[in-house]
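Trainee: Could we go through this one together? I'd like to learn where the words come from.

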Amino acid sequence: MVQTVRKVVIAGGGTAGWIAAATLSSQLSRLLDITLIESDAIGTVGVGEATIPTQKAFHRLIGIDEQAFMRATRASFKLGIAFENWGQLGDRYIHSFGKIGRSTWMGDFQHMWHYAKSQGWAGDMDDYCFELQAAEAGKFATSPDSQISYAYHLDASLYAKFLRTFSEERGAKRLEGKIKQVHTHPDTGFIESLDLEDGQSVAGDLFIDCTGFRALLINGALGVDYEDWSHWLPMNSALAVQTKLSGDILPYTRSIARKAGWQWRIPLQHRVGNGHVYCSDHLSDDEAHAILMDNLDGELVSQPRPIRFLTGKRKEAWAKNCIALGLSSGFLEPLESTSIHLIQIGATRLVQMFPFNGVSEALRNHYNSYSTAELESIRDFLILHYKLNRRQDSAFWQERAALEVPDTLKHRMELYADAAIAYQDDSDLFRVDSWNQVMRGQGLDSHGYHPMGRLVANGQLQAALADLKAGIDRSVKNMPTHADFLRQYCAVE
Ligand code: FAD
């Protein structure tokens, strides 16, 4: 085999650029020459601070030490997301990262639970999820052999810095400068080099577009269009602002539905990230600003910053010899904190499918079909939150409830309503428990379920549920508070 692709150029040094650099340099540095170009003058989008549990696996894979990462990025632990006002005003539920109860091959826990509930033997379904109960109690602990499922809240700019040091130590080179022009081959259309404003020219075999919403390479140079999903997810604006910590460091993200959007609260060790995602067709920027400012705790440590976006995906994430990662590849609002995961999975997939002996159509198609399927599944999961609202207080929420959803999602909702069946396909990021918690949390009830509970001998199901709950309650009671655990875990030796 002749290695024809060796020189990788990463355009952009936000979270996406440095994740790409960290992944490639930690895994393939002996085979590749990696250069990252970023512009200090342009800067980064500066948001993206809540993650999902795959981040832990990603860090382990590329060799990042959890405590070092948490200290460097002032991170906190995240056990899930509390959705407030999403079903209707005053409602609240937690989508936790944990498993609910115990499932069997015949069916998931919810079938057993439905039967037990009908007999008066079961409490709320949430009682049987350890992570959810720990989140509610503000508790957290982990150790190398613990099974607890969690993610992190992190400071985005500190994370990019941390990954930069990690990548440079593993051989990635950084160039500061503004990309002025992209040169493509006149026959093949492949990208050949990037010209910087200071006169340098950087040639490469493979280019990774991490230039954020600008999409300088994949769109600017290669003209790959965008598939607009705003008819399903019409949010198009956000205001982000940081406040000082006030009160407890919650081990979960808060997502609070507002008049035509929702507000996030992401607690870190040193501050809270806040933002208001909204739909400008229904809410003026001034109104959105007022709603955000009226609903903050703690002193401001930055001024509100507006961000515009269009929900959707790049038609091809990999075109010619260019792969788009991060915001250049598409954007789904951060309702379930999925964007950083998508960068990580894109970068690790590139390691698996790296085109050492030339870019082929088969490789590109394979990569693109994976990323399309993943995005479509996440898109459906996000739409679900909106579709199942029962709010009557604004035209925005009523329109969301009346929305014609994709057939794939319609099928899931019917299956759950008819037979209490939730499922995770190969391309689904979210597990059965996630679909289950959000469908129930948003008020979708099941008319039928598998009567497997009736197969259990008299008294045994009741006793098993009581044991399960008692075990969870005991474990949560014995855990330290999240703040205490963080202090001890992140203390500098
Ligand atoms: P950017 O951060 O914009 O980086 C682009 C880089 O390209 C910068 O380094 C810039 O300098 C460089 N660049 C651009 N043009 C040039 C040029 N001409 N020359 C040289 N360099 C150039 N994700 C989550 O997982 N969880 C969240 O909670 C979450 N919240 C979000 C909230 C909002 C409102 C938004 C908009 C996004 C959120 N995201 C979240 C997504 C997350 O922020 C991004 O996926 C992540 O930050 C990656 O961004 P990026 O690196 O693609 O782009």
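Trainee: Which element gives the most to the shell around the ligand?

Mentor: That's H1, with three residues. Keep in mind that this is a predicted model, where local features need pLDDT of at least 70, side-chain atom pairs count only at pLDDT 80 or more, and totals for chains, interfaces and linings use all residues. Residues are numbered from 1 along each chain as its sequence is written.

Trainee: What makes a residue part of the shell around the ligand?

Mentor: Its C-beta atom, placed from the backbone, has to lie within 6 Å of the molecule. Here 38 residues are around the ligand, and Gly12, Gly14, Gly48, Gly212 and Gly326 come nearest. Two or more residues each come from H1, strand S2 (33-38), strand S13 (237-244) and H9.

Trainee: How many residues of that shell are nonpolar, polar and charged?

Mentor: The split is 17 nonpolar, 17 polar and four charged. Asp, Glu, Lys and Arg count as charged; Ala, Val, Leu, Ile, Met, Phe, Trp, Tyr, Cys and Pro as nonpolar; the others, Gly among them, as polar.

Trainee: What is the expected span of helix H9 (residues 339-352), and what does the helix reach?

Mentor: The rule is 1.5 Å times one less than the number of residues. With 14 residues, H9 is expected to span 20 Å, and it reaches 20 Å from its first C-alpha to its last, so the two are close.

Trainee: Why is Leu350 of H9 called buried?

Mentor: Buried means 20 or more other C-beta atoms within 10 Å of its own, with C-beta atoms placed from the backbone. Leu350 is on the buried list of H9, along with others including Ile340 and Ala347.

Note on methods:
Helices (H or I, at least four residues) and strands (E, at least two) are DSSP runs, numbered from the N terminus. A residue is buried if 20 or more other C-beta atoms lie within 10 Å of its own, exposed if 12 or fewer, and partly exposed in between; C-beta atoms are placed from the backbone.
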